[in-house]
Amino acid sequence: MDIDPGADGSVPPVPPVPPVLIGNSSDVGWKYGKYCDPNNKSKVKCDFCGHISTGGIYRFKKHIVVVDNVVASCKKATPEAKEACKKALEKTVVTKGLKRQHDQDLRDDVHISSSVGEEVCVGSSTSEPNKVGPMDKFVRPIDGKSSKEEALRQLSMNEALFKERVHQASQYVARWVYTHEILLAVFYMCLCSTVAIPFNALDNDEFKQMCEAIGKFGPGYEPPSQFDLREKLLTEEYARTKSLLDDREAQKIKLGCTIMTDAWTDIKRRSIMNVCMHCSGGTSFLKSKETSDVSHTGEVIFELVDKAIEEVGAQHVMQVCTDNASNNMAAKKLLLEKRPKIFWTSCATHTINLMLQGIGNIKRFKSIVDQAQKVTIFIYVHHKTLAYMRKCTKRRDIVRPGVTRFASNFLTLQSLAEKRDALRGMVVDRAWEEMPIVKTKKGKDATATLMDANFWKGVTLCLKVFEPLVSLLRLVDGDVKPSLAWLYGEMLKAKTKIKEAFGNNEKNYRETIAIIDKKLKGRLDSPLHKTAYLLNPHYTYANKDIFDDSSMTVALMKCAEQYFGEDEISAKKMINEEWLLYENMEGPFKKKLATSWERADYNPGNACPRFGPCFAPVWPQIAPV
């Protein structure tokens, strides 16, 4: 509801915003029901028949679907509503089942030696295990018929087995501590004083396994000391973690890998360069080097990357990924001179952030972002305005942090748009107007901004322009699926959506698209990106005109020439034989197989290497960057 000022500039009184009668979640059930009373979250009223369910939204969905005779059925629900609620219920059952199975698997993975009586033939001969108690550390049953030498031997074995059980339980405690960096410091402080442990430290699998291990051990367990955590247990956990990377080593040998670098500065102002390796099995840390005493020149970065390539094995490295800084581009030239077969790729996350930054600096968008920032700063800097805002928005914040500053701006604008009616109702309420801080210039400006219809129109446009790029940022910055195969295609879609946001008026979108193209050129439109786009059946089989684009063919040939080098036979075989099979959907690329590629959730990097001996080494390039 828009509220326009009167002729004299005054704002007419607005009735208070009615309480929200649906839950905050995106549950499909809220499309067909609502709360009877916002203060009683267990009663949900059906929009079809008026029935009131008393078990919350989950039981209400059963009312719509007619699951059993226990829940009253809805006679007026539409087939679409029944189908939607049925799928939601089935998904909930599957999710809970998977969680129960996951928790059970975690428990089964915990291995603590059973009671000593089960490990060696001492004490009772019954099959029932002996319970472990505090005195078991010092006393264990000894066979009375044994000789003195045998009794001493059994006692020694009992003591060794008890220590082994303590050590096994301590390994799970240490694993939980090492999982959270801050928790290690907190753990040390807890040994000397009472210090609270962060709640999120308990929300992981290692904590559950630690509890299971201590439970299996029984009474009398002594936690590890600082020395144990720093020395023996840390060494053992390092060895265990390293052994977990064996699968990644195999994937690296089979499909190749990517070397990634990242420079950062710690709280002590030390400059540190990290080097990681990524393969289809995941990302592994290789090494970290302090570079505070040297300039980050192209030569320094090149030497660091080149040494990492030597350690991993040059024959296994497909590409190097860095940000777009000029020193990295200088290192790129040096690497291509020494290792011409290795690709150098710009970081997609950094490039998209530069696009968002450039678009955000356009005057029409910058003014909206600045206004939104002034409003949020004013509300959050004063405790009374913050408390009243949370009261009007039902304890929901309007500031939402993101992975970058530009993503945070988008999320904050999105949050403001979602709470538009509540915020507009807030600033015309008498309680807001009577606050002394609201009567200041900043308070009046914040009130005027929230009542300005042009501001909200600008917020809507910002969201339409930023959303395609932010969605792409989530894709490349996440671990859901390899992103390079989708990057170029989704970028083309993002540009189309941005043009539509401007009504396909070239005069309006010209400046925005020009910024995207400028940041895109030479970074995310390289021959490797275009080849990955071309080798993704999700795009090419849906639009065969892509095969006729000469720039795509040229990109494919450049990639083949760079990768195969002097191996002209393999390069020609891929271009002249296997490429034609792929383009014509013949051989292993038949139509029945191609139907699975129509989905956006499949991984071409896993599926396609098996389709041809020459295609196989090229497809590993389709990996997250």
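**Close-up views of a predicted model**

Of the 625 residues of the protein chain, 43% count as buried. The model shown in these views is predicted. Its secondary structure comes to 27 helices and eight strands. For contacts between residues at least 6 apart in sequence, 60% join residues at least 24 apart.

**View A. Five strands form an open, mixed sheet.**
Reading across the sheet, the strand order is S6-S5-S4-S7-S8. Strand S6 (282-290) and strand S8 (343-346) stand at the edges; each has a single partner strand, so one side of each is left without a neighbour in the sheet. On average, neighbouring strands of this sheet are turned by 25° against each other, direction ignored. Helix H9 (residues 246-255) packs on the sheet, where this helix touches strand S4 (257-265), strand S5 (271-279), S6 and S7. The direction of H9 makes about 70° with that of S5.

**View B. Strands S7 and S8 run parallel.**
Here we zoom in on one pair of strands. Strand S7 (residues 317-322) is joined to S8 by four bridges. Two residue pairs are good places to start looking: Val320 has Trp344 of S8 as its bridge partner, and Thr322 has Ser346 of S8. Is S8 covered on its faces or uncovered? Both faces are covered, with Phe343 and Thr345 buried on one side and Trp344 and Ser346 buried on the other. Trp344 and Ser346 are thus worth a second look, as each is a buried residue of S8 and each also takes part in a bridge, Trp344 with Val320 and Ser346 with Thr322.

**View C. Helix H11 has buried residues along one face.**
Helix H11 (residues 326-338) has 13 residues. From its first C-alpha to its last, H11 reaches 19 Å, close to the 18 Å expected at 1.5 Å a residue. Its buried residues are Asn328, Ala331 and Leu335. Seen down the axis of H11, these residues fall within an arc of 55°, so they line one face of the helix. What do the buried residues of H11 pack against? Their partners are helix H10 (298-312), S7 and S8, and the last two are the parallel strands of View B. On the other side of H11 you will find Ser326, Lys333 and Glu337, which are exposed.

**View D. Helix H6 keeps its buried residues on the same side.**
Helix H6 (residues 205-217) has 13 residues and reaches 19 Å from its first C-alpha to its last, which is close to the 18 Å expected at 1.5 Å a residue. Which residues of H6 are buried? They are Gln209, Met210, Glu212, Ala213 and Phe217. These buried residues cover an arc of only 165° around the axis, which puts them on the same side of H6. Just after the helix comes Gly218, whose phi is positive, near 100°.

**View E. Thr512 is buried in helix H21.**
Helix H21 spans residues 506-520, and Thr512 has its place there. Thr512 has a relative accessible area of 2%, so this residue counts as buried. Which residues does Thr512 touch, not counting residues up to four places away in sequence? The neighbours are Ile359, Ile362, Phe365, Val465, Ile498 and Phe502.

**View F. Arg395 and Asn504 have a positive phi although neither is a glycine.**
Some background helps with this view. Most residues other than glycine have a negative phi. Arg395 has a positive phi of about 65° and lies in the loop between helix H14 (383-392) and helix H15 (405-418). With a relative accessible area of 76%, Arg395 is exposed. Asn504 has a positive phi of about 55°. The place of Asn504 is in the loop between helix H20 (484-501) and H21, the helix that holds Thr512. At 52% relative accessibility, Asn504 counts as exposed, since the cut-off is over 50%.

**View G. Two cysteines, Cys36 and Cys559, are seen here with their accessibility.**
How many disulfides does the model contain? The count comes to zero, taking a disulfide as a pair of cysteine sulfur atoms within 2.5 Å. Cys36 counts as partly exposed, at 34% relative accessibility. Cys559 is buried, with a relative accessible area of 5%.

Conventions
Residues are numbered from 1 along each chain as its sequence is written. This is a predicted model: local features need pLDDT of at least 70, side-chain atom pairs count only at pLDDT 80 or more; totals for chains, interfaces and linings use all residues. Side-chain values use heavy atoms; hydrogens and water are left out. Two strands pair if DSSP finds at least two bridges between them. Axes are lines fitted to C-alpha atoms, for helices over the stretch in contact, and angles run from 0 to 180 degrees between N-to-C directions. Contact means heavy atoms within 4.5 Å. Buried means under 20% relative accessible area, exposed over 50%, partly exposed in between (1.4 Å probe, protein chains only). The expected span of a helix is 1.5 Å times one less than its number of residues. The arc is that of the directions from the helix axis to the C-beta atoms.
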